[in-house]
Amino acid sequence: FGKVEGENRGPSPMDPPVARVDDLFWLRDDERKDPAVIAHLKAENAHTEAHMAHVAPLAKQVYDEIISSIQETDDDIALPWGRYEYF
């Protein structure tokens, strides 16, 4: 956080920078290849699915209700923008 030489951080970056403790920084994996991060996220997803299993039928019911009110067609309305129309 804050002002860093050589980086444009907007019109009013914090100066001096504020140090923050981020206990979850180790989860940052921009290449999505770190096995420890992937294993942790898979475990979290399994935990969430197990604890949310009892609401799955309700979620499906709500989803089906929303979808039933949407007319699915390939038609689209043109959006005029200047001299052009976008679909």
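The following paragraphs lead through the structure shown above, from the whole chain to single residues. The model is a predicted one.

The protein chain contains two helices and two strands. Read from the N terminus, these elements follow the order α-α-β-β. The radius of gyration of the protein chain is 23 Å, well over the 12 Å that the globule rule gives for 87 residues, so the chain is more spread out than a compact globule. Along the principal axes, the C-alpha atoms of the chain fill a box of roughly 55 × 50 × 25 Å.

The surface may be considered next. Of the 87 residues, 3% count as buried; the term applies to residues with under 20% relative accessible area. The accessible surface of the protein chain is about 8,600 Å², and carbon and sulfur atoms account for 57% of that area. As for charge, the chain carries 9 positive and 18 negative side chains. The centres of these two sets are 8 Å apart.

The segment before helix H1 offers several residues to examine. Helix H1 itself covers residues 35–52. Ala19 is located in the segment before H1, and Ala19 counts as exposed because its relative accessibility is 76%, where exposed means over 50%. Between the C-alpha atoms of Ala19 and Lys42 there are 30 Å, with 23 residues separating the two along the chain. Arg20 is also found in the segment before helix H1. With a relative accessible area of 55%, Arg20 is exposed. The C-alpha atom of Arg20 is separated by 44 Å from that of Glu65, and these residues are 45 apart along the chain.

Arg32 also belongs to the segment before H1. Although Arg32 is not a glycine, its phi is positive, at about 55°. The relative accessible area of Arg32 is 61%, so this residue is exposed.

How many salt bridges does a search of the whole structure find? The search finds two. Side chains of opposite charge can pair when their charged atoms come close. One salt bridge joins the side chains of Asp30 and Arg28, with a distance of 3.3 Å from N to O. Asp30 counts as partly exposed because its relative accessibility is 48%, whereas Arg28, at 58%, counts as exposed.

The other salt bridge brings together the side chains of Lys60 and Asp64, at 2.9 Å from N to O. Where do Lys60 and Asp64 lie? Both are in helix H2, which covers residues 56–68. They are four residues apart, about one turn of the helix. Lys60 has a relative accessible area of 52% and is therefore exposed. Asp64, at 35% relative accessibility, counts as partly exposed.

Leu58 is likewise a residue of helix H2. Which residues make the nonpolar surface patch of about 350 Å²? Leu58 contributes to this patch together with Val62, Ile66 and Ile70.

Taken as a whole, the predicted model shows a chain that is more spread out than a compact globule, in which 3% of the residues count as buried. Helix H2 holds the salt bridge partners Lys60 and Asp64, and Leu58 of the nonpolar patch lies in that helix as well.

Notes:
Residues numbered from 1 in each chain as written. Predicted model: local features only at pLDDT ≥ 70, side-chain atom pairs only at ≥ 80, totals over all residues. Heavy atoms only, no water. Rg over C-alpha atoms; globule rule 2.2 N^0.38 Å. Buried < 20%, exposed > 50% of the residue type's maximum accessible area, 1.4 Å probe, protein only. Areas by Shrake-Rupley, 256 points an atom, 1.4 Å probe, with all protein chains shown as cover. Lys, Arg positive; Asp, Glu negative; His and termini not counted. Charge placed at Lys NZ, Arg CZ, Asp CG, Glu CD. Salt bridge = Lys/Arg side-chain N within 4 Å of Asp/Glu carboxyl O. Patch = residues over 30% accessible without salt bridge, like charges linked within 9 Å, V, L, I, M, F, W, Y side chains within 5 Å.
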